[in-house]
Amino acid sequence: MITIANTQVWVHDQDEALAFYTQKLGMEVRSDVTVPELGNFRWLTVGLAAQPDISIVLMAIPGPPVMDKETAAQVRQLMGKGFAGTLFLTTEDCQASYEELKGRGVEFTEAPEQRPYGIDAGFRDPSGNSFRLTQVTELSSG
Amino acid sequence: MQFVPPARHLLNARDLADARYFAPIRVADMARAARLSPAHFSREFRRTFGESPHRYLLTRRLERAAALLRTTDRSVADICCMVGLTSVGSFTTSFRRMFDRTPTEYRAAHPPASDLALVPACVVRAYARPEHRTFREDSREGALVR
């Protein structure tokens, strides 16, 4: 059986990302390891308590020789423009989660909105990665 | 603290348009969100996203108006106000220019989106935002861009 273990997002500052994902989104730190032999590469992962087997890797954009300067600049630019990808979260109560996260300082780009599939809202992390927060409506089969 | 890409500040401005389209915000408010002077902001926004902030804000409002036309029975005047525009005449003109139909014709031509597909709201917003169009104003467009 194949399962999803980690999914990775680029971040422009790992400390800032760590503070956002833990203090504002309420995630827990899964690993935070800096490896001197790898040029102080920092393996930093966070996750939701409800899903101990799925983590998000908060990956710093590397420099040469891992990634050439031009490519790193392109990744940084794409991320800053908000086109680096989306994480889709679900919740049992979108309005309540929206209020909770907003209370912790998360800036939403879309307030909860009724959609045919449920209620959802949108926000970004400090790097520009977008998030959906969706309360899925059970669809009747048939 | 690592270097924050300048585009991230411009994205704040675009997010402001997406989040507050219903309020009377202007390009100057978007510039403030990006922490840039209005002239510098418009130039950098256009360079980064390929269109002017004024155009982005207007097409976001028209996209939201189109969604309200499809999914509610609110009047055209109500919808104009609900997307942050004040003149129903200008709204109708801009709407017809982008969508080839007046708001009333557009509503009549579209079954509710919910009948068609269950696509995420962010996809609707991204893909239903109209391409900017002008007519008889092409030669003046450069002067109109803010």
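These are legends for several views of a predicted model with two chains, A and B.

**View 1. Chain A mixes helices and strands.** Chain A holds 3 helices and 8 strands. Read from the N terminus, its elements go β-α-β-β-β-α-β-α-β-β-β. The C-alpha trace of chain A stretches over about 55 × 35 × 35 Å along its principal axes. Of its 142 residues, 42% count as buried. On the outside, chain A exposes about 8,000 Å², and carbon and sulfur atoms supply 54% of that area. Take the contacts in chain A with a separation of 6 or more: residues 24 or more positions apart account for 52% of them.

**View 2. Chain B is built with helices and has 0 strands.** You can count 9 helices here, and from the N terminus on the pattern is simply α-α-α-α-α-α-α-α-α. Chain B has 146 residues, and buried ones make up 44% of them. Its exposed area comes to about 7,900 Å², with 52% supplied by carbon and sulfur atoms. Looking at contacts in chain B between residues at least 6 apart in sequence, 63% join residues at least 24 apart.

**View 3. A close-up of B:Phe91, a residue of helix H6 in chain B.** Helix H6 covers residues 88-99. Is B:Phe91 buried or exposed? B:Phe91 counts as buried because its relative accessibility is 2%, and the cut-off for buried is under 20%. So which residues is B:Phe91 in contact with, once neighbours within four places in sequence are left aside? They are B:Leu62, B:Ala65, B:Val76, B:Ile79, B:Cys80, B:Leu85 and B:Pro103. B:Arg60 is not on that list; 31 residues away from B:Phe91 along the chain, it has its C-alpha atom 13 Å from that of B:Phe91.

**View 4. Here is where chain A and chain B meet.** The contact takes 25 residues from chain A and 23 residues from chain B. Together the two chains bury about 2,000 Å² between them, and 59% of this lies on carbon and sulfur atoms. Three residues are worth finding on the chain A side: A:His12, A:Lys81 and A:Arg115. They supply 24% of the area that chain A buries against chain B, more than any other three residues.

**View 5. Salt bridges and polar contacts cross the interface.** How many salt bridges are there across the interface of chain A and chain B? The rule finds 4. In one salt bridge, the side chains of A:Arg124 and B:Asp15 meet at 2.6 Å, N to O. There are also 7 residue pairs in polar contact across the interface, with both residues of each pair at pLDDT 80 or more.

**View 6. The side of chain A that touches chain B draws on helix H2, strand E6 and strand E7.** Each of these elements of chain A gives two or more residues to that side. Helix H2 runs over 69-80, strand E6 over 108-115 and strand E7 over 118-124. Which element gives the largest share? That is E6(A), with 5 residues. Sorted by class, the side of chain A that touches chain B has 7 nonpolar, 7 polar and 11 charged residues.

Technical notes: Residues numbered from 1 in each chain as written. Chains lettered and ligands numbered in written order. Predicted model: local features only at pLDDT ≥ 70, side-chain atom pairs only at ≥ 80, totals over all residues. Heavy atoms only, no water. Helix = DSSP H or I, 4+ residues; strand = E, 2+ residues; numbered from the N terminus. Buried < 20%, exposed > 50% of the residue type's maximum accessible area, 1.4 Å probe, protein only. Contact = heavy atoms within 4.5 Å. Areas by Shrake-Rupley, 256 points an atom, 1.4 Å probe, with all protein chains shown as cover. Buried area = accessible area lost by both parts, 1.4 Å probe. Polar contact = N/O pair within 3.5 Å; in protein donor to acceptor, adjacent residues only side chain to side chain. Nonpolar A, V, L, I, M, F, W, Y, C, P; charged D, E, K, R; others polar.
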